[in-house]
Amino acid sequence: MSEIRVGDIVAAPGEKKRGTLTVPGSHDPDYNPKIIIVNGAKTGKTLVITGGVHGTEFASIEAVTRFANMLDPSVMSGAVIVVPVANVPQFRERTQFVSPVDGLNLNDSFPGKKDGLFTERLAYALFDVIRLGDAYIDCHGGDINEDILGFVVAAEGTDPALNQVSLELAQCYNTGFIHRFTAEPGLSISAQELLRIPSIMPEAGTPFPVREESVLFHVDGLMNILRYLEILEGEVIRYQSFVSPERIKLYSSHDGIWKSYVELNQRVEKDEPIGIVKNSFGDVLEVVKAPKRGIVGMKRCYYSVKNGEILVVLSTL
Ligand SMILES: [Zn+2]
């Protein structure tokens, strides 16, 4: 393995190096994300991992940080480059989905711009790291309004061979189901189309509290991917997850109080009630029903809801 360089951080074979990724342009230097390069003693593939592209999706951050600390370069054939908290301003201020600096969603800003707004420049700097990889994993989870038990998004682009690899990467996670998202610009996983690097987005957890099972969903999946890429020795576990054909988002039609009747990953039948929205007298304003047979992939975790806000995402069977 030759040395790996990101900016002025250089990791020789067998070294683990920590540093800071410099985002181009002018901003608070504390917004530059931390980066860890783990360069294996032997030659092999390179895996790039980001956590906290949505900076409030804390289970992904906890997992990616823990994973980086578990890695021992002396037994690795290949390299792992980890950005534990990609979106520092959002992590710090706990804004929902968007950056407090410029109101942009980082996961709608890739591949970014060298001279754009801060979030666009951040996306540009991250893409420059992602391009070093043979595979890219962008770990997400429920944002501050969401709870997710665990699923994986595999990028789908115009190259069937890359599509197959991203599906196999997704199947390294012990997930109930997988979704295919088009690898279109905006999303981090557009790296599959723009950089020809197979890309997935595992999703698990909620910020309050960070559950151990959500952290382990990510950590175990990432470890399995290291075996799949032959960066680590060992047998790959291949999970038999099905690909859900459709995600259906259900929104509230009222301001009020949300009460869910369902649990995460619960199977529901068409027309089954999955929750209600009440007013502050306790009167039922609407009964939310499943439009199709599916699995509850995401559930709102706030008590209050506004008209037009999301309640549940159903993954169809
Ligand atoms: Zn996210």
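In this predicted model, Arg267 stands opposite Ile295 in strand S17. Arg267 belongs to the pairing between strand S14 (residues 267-268) and S17. The two strands run antiparallel and are joined by 2 bridges. Strand S17 spans residues 294-300. Of its 7 residues, 7 are buried, so S17 is largely enclosed by the rest of the structure.

S17 also pairs with strand S19 (residues 310-316). Here 5 bridges join the strands, and the sense is again antiparallel. Val296 has Leu314 as its bridge partner in S19. A further antiparallel pairing links S17 to strand S8, through 2 bridges. In that pairing, Asp147 is matched with Lys299 of S17.

Strand S8 covers residues 146-156 and contains Phe151. Around the C-beta atom of Phe151, 26 other C-beta atoms lie within 10 Å. The cut-off for a buried residue is 20 or more, so Phe151 counts as buried. Its contacts reach well beyond its sequence neighbours: with residues up to four places away in sequence left out, Phe151 touches Thr175, Gly176, Phe177, Ile178, His179, Glu203 and Gly297. One of these, Gly297, lies within the residue range of S17. Ala204 is 53 residues from Phe151 along the chain. The C-alpha atoms of Phe151 and Ala204 are nevertheless separated by 6.7 Å.

A second group of strands centres on S4. Strand S4 (residues 34-39) is mostly covered, with 5 of its 6 residues buried. Strand S3 (residues 16-20) is joined to S4 by 5 bridges. S3 and S4 run antiparallel. Within this pairing, Gly19 stands opposite Ile35 of S4. S4 pairs with strand S6 (residues 77-83) as well, over 4 bridges. This pairing is also antiparallel. It places Ile36 opposite Val82 of S6.

Another part of the model holds an open sheet of 4 strands. Its order is S16-S15-S13-S18, and the pairing is antiparallel. Strand S16 (284-289) and strand S18 (304-305) are the edge strands. Each of them pairs on one side only. Between the edges, strand S13 (residues 256-260) is joined to strand S15 (residues 273-278) by 4 bridges. S13 and S15 run antiparallel. Lys259 stands opposite Ile276 of S15.

Helix packing was examined for H1 and H6. Helix H1 spans residues 58-70 and helix H6 spans residues 212-228. They pack at an angle of about 45°, and their axes are 8 Å apart. That angle makes H1 oblique to H6. The crossing of the two helices is right-handed. On the H1 side, the contact is made by Ala59, Ser60, Glu62, Ala63, Val64, Arg66 and Phe67. H6 contributes Ser214, Val215, His218, Val219 and Leu222. By class, the contact has 7 nonpolar, 3 polar and 2 charged residues.

Notes
Residues numbered from 1 in each chain as written. Predicted model: local features only at pLDDT ≥ 70, side-chain atom pairs only at ≥ 80, totals over all residues. Axes fitted to C-alpha atoms, helices over the stretch in contact; angles between N-to-C directions. Parallel < 35°, antiparallel > 145°, perpendicular 65-115°, else oblique. Left-handed = near helix turned anticlockwise from the far one by under 90°. Contact = placed C-beta atoms within 7 Å. Nonpolar A, V, L, I, M, F, W, Y, C, P; charged D, E, K, R; others polar. Buried ≥ 20, exposed ≤ 12 C-beta atoms within 10 Å, placed from the backbone. Pairing = 2+ DSSP bridges.
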